[in-house]
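The exercises below ask you to read a sheet and its salt bridges from a structure, step by step. Please look through the sequence and the model before turning to the solutions.

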Amino acid sequence: MIILGIDPGLASTGFGVVQRRRGRLAALDGGVIATSAGLAAEHRLAAIHADVCELIARHEPDAVALEDLYFGQNVASARAVGQARGVVLLAAGQRAIACSGYTPQQVKAAVCGSGRAAKDQVARMVQSLLALPAPPRPDHAADALAVAICHANHAPLAQATALAGGRA
């Protein structure tokens, strides 16, 4: 199973591609899609969409996992994140790829065991879980890999629950 993890944002959209094979996780790719603040929002969103489409074509993921929108005090930031999330969902939908969303707390709990883990702790755990030589940088790339790991660990449980008819 190949999972494209996304940490959406208008300025920086983190991405991480993780493969689960025979119970092992491996990082296939990771980085950031950066857009210039000087561009109009529609051009920034078009660039994110194009880059995500290219990632999907290159890696052919079985699933896309996105960090859910965290609505803090900054409404403008939340709107921009929601727009970036929307173009990622569109790119996946155009290829009929299933999408799942996870809250930041779910991702941190899945990777670190605590929903209150600090960013550096998440990066170190991603490094350990994926046997990387160093913690992934920048933070958005580490967060995207963490989202993919969260889905890789959650998907088998969700599939088993669905096969059992939703009975636990």
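**Exercise 1.** Find the residue in strand E4 that is the bridge partner of Gly-5, and then work out how E4 is joined to its neighbours.

*Solution.* Step 1: the bridge partner of Gly-5 in E4 is Ala-65, where strands (E, at least two residues) and helices (H or I, at least four residues) are DSSP runs numbered from the N terminus. This is a predicted model, in which local features need pLDDT of at least 70 and side-chain atom pairs count only at pLDDT 80 or more, whereas totals for chains, interfaces and linings use all residues. Residues are numbered from 1 along each chain as its sequence is written, and side-chain values use heavy atoms, with hydrogens and water left out.

Step 2: strand E1 (residues 2–7) pairs with E4 in the parallel sense over four bridges; two strands are said to pair if DSSP finds at least two bridges between them.

Step 3: E4 is also joined to strand E5 (residues 98–102) by five bridges, and these two strands run parallel. Here Leu-66 has Gly-101 of E5 as its bridge partner, while Glu-67 stands opposite Tyr-102 in E5.

**Exercise 2.** Place E4 in its sheet, and describe what packs on that sheet.

*Solution.* Step 1: the five strands form an open sheet in the order E3-E2-E1-E4-E5, with mixed pairing. Strand E3 (24–34) and E5 are the edge strands, each pairing on one side only.

Step 2: neighbouring strands of this sheet are turned by 20° against each other on average, direction ignored. For such values, axes are lines fitted to C-alpha atoms, for helices over the stretch in contact, and angles run from 0 to 180 degrees between N-to-C directions.

Step 3: helix H2 (residues 75–94) packs on the sheet and touches E1, strand E2 (12–21), E4 and E5, contact meaning heavy atoms within 4.5 Å. The direction of H2 makes about 175° with that of E4.

**Exercise 3.** Decide whether the two faces of E4 are covered or open.

*Solution.* Step 1: five of the five residues of E4 (residues 63–67) are buried, where buried means under 20% relative accessible area, exposed over 50%, and partly exposed in between (1.4 Å probe, protein chains only).

Step 2: Ala-63, Ala-65 and Glu-67 are buried on one side, and Val-64 and Leu-66 are buried on the other, so that both faces are covered.

**Exercise 4.** Describe the salt bridge of Arg-58 and then those of Arg-124 and Arg-137.

*Solution.* Step 1: the structure holds six salt bridges, each being a side-chain nitrogen of Lys or Arg within 4 Å of a carboxyl oxygen of Asp or Glu.

Step 2: one of them joins the side chains of Arg-58 and Asp-29 (2.8 Å, N to O). Because Arg-58 lies in helix H1 (residues 41–59) and Asp-29 in strand E3, the pair ties together parts that are 29 residues apart in sequence. Asp-29, Glu-54 and Arg-58 are linked in a network of salt bridges.

Step 3: Arg-124 and Asp-120 meet at 3.0 Å, N to O, and both lie in helix H4 (residues 119–129), four residues apart, about one turn of the helix.

Step 4: Arg-137 forms a salt bridge with Asp-139, the closest N and O atoms being 3.7 Å apart; Arg-137 counts as exposed at 53% relative accessibility, whereas Asp-139 counts as partly exposed at 34%.
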